[in-house]
Amino acid sequence: MTHLLIEPAQEGREDLAAYRARGGYAGLEAARTRGSGWVLEQVTRAGLRGRGGSGDGRPIGQKWQRVAASRVPERYVVANAAESQAVSRKDRYLLARFPHRVLEGLLIAAHALDAREAYLYVRGDSPEALDGARDAVAEAGAAGLLGGVSVTVQPSAPTAVSGEETAILDALEGLEGYPQPKPPRPEEIGLRGRPTLVQNAESLAAVAALFRLGVDRVRAVGTPTCPGTALFTVTGAVDRPGVYEVPHGTPLAQLLALAGAPPREEILAVLPGGLGSGPLRPDELDVPLTYEDLAALGSSLGNSAVVVFRRADATLPDLVRENVALLARGSCGQCRGCREGHEGLLRALEAGDATEARRRAEVLLYGRGNCAFPTGTARFALRALQEFPAFARP
């Protein structure tokens, strides 16, 4: 198995000495020596894609280049480890076990974008992740590695929208932590009205690996359009739930085998990218784990939280109703279309009216609001309603 992000380490948290013994912070030193232009070039050449919950995997280099292009001198960088869906645990795992990998990536980004303030935004009900982040910042500071960058560890509220990038900035400014209208994107006008890079914690760990190992080593793994490895939280009806690292392009069935999933004939459905991703049938589990391959099936990589459901444990209509109810409770209620759209979809599902539920989900899919939360609900519901025999059209 190829490891780029979390190669085996000793038990417990990897401290500064252990990380440096594996080449940690050598990439940061190279970045500071060779300059921000070289850093931006390497990130762009590597083709790394964002590992957050949006599901589209926007190239990391594009976001960095937009911030760098701004003529506003004051800039900020934020590591997003809010993990607003409880089924995802990869970012918390990184900070609890390998926090310096995230911190080094954050410091490389701060150097490339000439940011003097950085934030580690960590899910607030994860004391292990918060402690790991704080310890890493303290260790790096004592070793003189921060380079004049002020790094603040900020707990998040464990809500369904807390990890949305503009909600993070809203919370960092002391407000409610609600998603804000876009455009402008944070790269243009972000924290305190200044250009801001908000990057997922795993994405920053991938940046640290890139500068430790080099572009060629990273691109030798994965696929041409999805280079490198990725972390997946596998949960649900599996014998060995946990966080797994596999190359992009690995068939989903291989990942499920690592986690001890039941035979296909016992599987009801699999969500490949968290609660807001379209469910896959048992006959679709050979799909490669890339953004494009999952999108072609009407699903998404999302937050890379793979949830397995067993036929013996639930029926598909029950699963869809329960998941939509859970997502409906997660709406912050700020946008009327999201709030009423979730309520209408849930009413149709509870009434057993698949035709009306499809109509409601289509409206929710194309609704306009401040974030993509309702899009995930619609994607989940539409895929189940359109592709599973339990919801065959009348």
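**Notebook: cavities, strands and loops**

I began with the lining of the largest cavity, which by class holds eight nonpolar, five polar and no charged residues. I note at once that the model is predicted. The lining of this cavity comes to 13 residues. Those that lie nearest its centre are Cys332, Cys335, Cys338, Cys371 and Pro374. I recorded a volume of about 80 Å³ for the largest cavity.

**Entry: the other enclosed spaces**

I then asked how many cavities of 30 Å³ or more the structure holds. The count is three. The second largest cavity contains about 40 Å³ of space. I listed its lining as Leu4, Leu5, Leu48, Arg51, Ala206, Ala209, Val218, Gly228 and Thr229. By class, that lining divides into six nonpolar, two polar and one charged residues. Arg51 is the charged residue in this list, since Arg counts as charged.

**Entry: the overall fold**

I counted the secondary structure of the protein as 16 helices and eight strands. The radius of gyration is 21 Å, close to the 21 Å that the globule rule gives for 394 residues, so the protein is as compact as a globular protein of that length. I noted the extent of the C-alpha trace along its principal axes as about 65 × 45 × 35 Å. Of the 394 residues, 55% count as buried.

**Entry: helix H6**

I checked whether helix H6, residues 99-112, has the length expected of its 14 residues. At 1.5 Å a residue the helix should span 20 Å, and its end C-alpha atoms are 20 Å apart, which agrees. I also looked up its burial: 13 of the 14 residues of H6 are buried, so the helix is largely enclosed by the rest of the structure. After H6 comes Asp114, which has a positive phi, near 55 degrees.

**Entry: strands S5 and S6**

I followed strand S5, residues 229-236, to its partner S6. The two strands run antiparallel and are joined by six bridges. S5 and S6 form a hairpin, with five residues between them. Within this pairing, I found Leu231 opposite Glu245 of S6. Is S6 enclosed or open to the outside? Five of the six residues of S6 (residues 242-247) are buried, so this strand is largely enclosed by the rest of the structure. I add a general reminder that side chains in a regular strand alternate between the two faces of the sheet.

**Entry: strands S7 and S8**

I turned next to S7, residues 267-271, and S8, residues 305-310. Four bridges pair these strands in the antiparallel sense. The bridge partner of Leu271 is Val307, which belongs to S8. All of S7 is inside: five of its five residues are buried, so the strand is largely enclosed by the rest of the structure.

**Entry: the loop between H8 and S4**

I examined the loop between helix H8 (165-172) and strand S4 (196-200), where Pro183 is found. Which residue is joined to Pro183 by a cis peptide bond with omega of about 0 degrees? I found that it is Lys182. The peptide bond from Pro183 to Pro184 is also cis, and its omega is near 5 degrees. Pro184 has its place in the loop between H8 and S4. I located Arg192 in that loop as well. Arg192 is not a glycine, yet its phi is positive, at about 55 degrees. At 39% relative accessibility, Arg192 counts as partly exposed, because that class lies between 20% and 50%.

I then looked up the second largest pocket, in which about 180 Å³ of space lies. Pro184 is one of its lining residues. The others are Thr166, Leu169, Asp170, Glu173, Leu175, Gln180, Pro181, Arg185, Pro186, Ile189 and Gly190. I recorded the classes of this lining as six nonpolar, three polar and three charged residues. The charged residues in the list are Asp170, Glu173 and Arg185, since Asp, Glu and Arg count as charged.

**Entry: Glu83**

My last item was Glu83, in the loop between strand S1 (76-81) and helix H5 (90-97). Glu83 has a positive phi of about 40 degrees although it is not a glycine. Is Glu83 buried or exposed? I found 7% relative accessibility, at which Glu83 counts as buried, because the limit for buried is under 20%.

Technical notes. Residues numbered from 1 in each chain as written. Predicted model: local features only at pLDDT ≥ 70, side-chain atom pairs only at ≥ 80, totals over all residues. Heavy atoms only, no water. 1 Å grid on protein atoms, 1.4 Å probe; cavity = no way out; pocket = protein on both sides within 12 Å on 5 of 7 lines; lining within 4 Å. Points joined across faces, edges and corners; volume = space filled by probe spheres on them. Expected span 1.5 Å × (residues − 1). Buried < 20%, exposed > 50% of the residue type's maximum accessible area, 1.4 Å probe, protein only. Pairing = 2+ DSSP bridges. Rg over C-alpha atoms; globule rule 2.2 N^0.38 Å.
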